[in-house]
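Hello,

Here is the structure I promised to pass on to you. Please open it alongside this note, and have a look before you read on.

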Amino acid sequence: MSNLSLVRITITFFTMIKSSAPIWVLLSGFIFGLFPITPTLIMVGLLITTGEVLTSFGEVEFDEVGFLLCAGAAVCGGGRWALIPF
């Protein structure tokens, strides 16, 4: 999915979206019970998410399909990293 998204979006936007992987690792860890849900981790996740949204908000050449492909790749990567201990 990552390579296909590069056809539709710019490399800088790709890098911004792929840097959201820690958010998906955190959410996957919560879902699979790997991390305890604490207010500190929730605040960290919200802070990273806010930064991602603000960074992506100003993208001039926004392409929905490319964004969804890149975000899907980030979600899959985050899930993969969360499941590595198993």
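Below is what I found in it, going from the overall picture to the details.

Please keep in mind that this is a predicted model. The protein chain holds 5 helices and 0 strands, so its elements, read from the N terminus, run α-α-α-α-α. The C-alpha trace spans about 40 × 25 × 15 Å along its principal axes. Of the 86 residues in the chain, 34% are buried. If we take the contacts between residues at least 6 apart in sequence, 80% of them join residues at least 24 apart.

Helix 3 is a good place to start. Within helix 3, the buried residues are Ile23, Leu26, Ser28, Gly29 and Phe30, and these pack against helix 4 and helix 5.

Let me take helix 5 as the first partner. Helix 3 covers residues 21-31 and helix 5 covers residues 64-83; the two pack at an angle of about 50°, with 7 Å between their axes. They are therefore oblique to each other, and the crossing is right-handed. On the helix 3 side, the contact is made by Ala21, Trp24, Val25, Ser28 and Gly29, which meet Ala74, Val75, Gly78, Gly79, Trp81 and Ala82 of helix 5. Sorted by class, this contact has 7 nonpolar and 4 polar residues, and no charged ones. As a general reminder for reading such lists, an α-helix has 3.6 residues a turn, so residues three or four places apart point the same way.

Ala82, in helix 5, is worth a click of its own. With a relative accessibility of 3%, Ala82 counts as buried. Beyond its neighbours within four places in sequence, Ala82 is in contact with Val25, Ser28, Gly29 and Leu34. For a sense of scale, Ala82 and Gly45 are 15 Å apart in space, C-alpha to C-alpha, and 37 residues apart in sequence.

Now for the other partner, helix 4. The axes of helix 3 and helix 4 cross at roughly 145° and come within 10 Å, and this crossing is left-handed. Here Ile23, Leu26 and Phe30 of helix 3 meet Leu41, Gly45, Ile48, Thr49 and Glu52 of helix 4. The contact of helix 3 with helix 4 has 5 nonpolar, 2 polar and 1 charged residues by class.

One backbone detail is easy to miss: Gly33, just after helix 3, takes a positive phi of about 75°.

Finally, which residues form the salt bridge? The structure holds 1 salt bridge, and it pairs Asp63 with Arg8, with the closest N and O atoms 2.6 Å apart. Asp63 sits in the loop between helix 4 (39-57) and helix 5, while Arg8 belongs to helix 1 (residues 2-8), so the pair ties together parts that are 55 residues apart in sequence. The two ends are not equally covered: Asp63 is buried, at a relative accessible area of 17%, whereas Arg8 is partly exposed, at 43%.

If you would like a route through the model, you could begin at the contact of helix 3 with helix 5, move on to where helix 3 meets helix 4, and end at Asp63 and Arg8.

Happy viewing, and best wishes

Terms used. Residues are numbered from 1 along each chain as its sequence is written. This is a predicted model: local features need pLDDT of at least 70, side-chain atom pairs count only at pLDDT 80 or more; totals for chains, interfaces and linings use all residues. Side-chain values use heavy atoms; hydrogens and water are left out. Axes are lines fitted to C-alpha atoms, for helices over the stretch in contact, and angles run from 0 to 180 degrees between N-to-C directions. Helices (H or I, at least four residues) and strands (E, at least two) are DSSP runs, numbered from the N terminus. Angles under 35 degrees count as roughly parallel, over 145 as roughly antiparallel, 65 to 115 as roughly perpendicular and the rest as oblique. A crossing is left-handed if the near helix is turned anticlockwise from the far one by less than a right angle, and right-handed if clockwise. Contact means heavy atoms within 4.5 Å. Ala, Val, Leu, Ile, Met, Phe, Trp, Tyr, Cys and Pro count as nonpolar, Asp, Glu, Lys and Arg as charged, and the others, Gly among them, as polar. A salt bridge is a side-chain nitrogen of Lys or Arg within 4 Å of a carboxyl oxygen of Asp or Glu. Buried means under 20% relative accessible area, exposed over 50%, partly exposed in between (1.4 Å probe, protein chains only).
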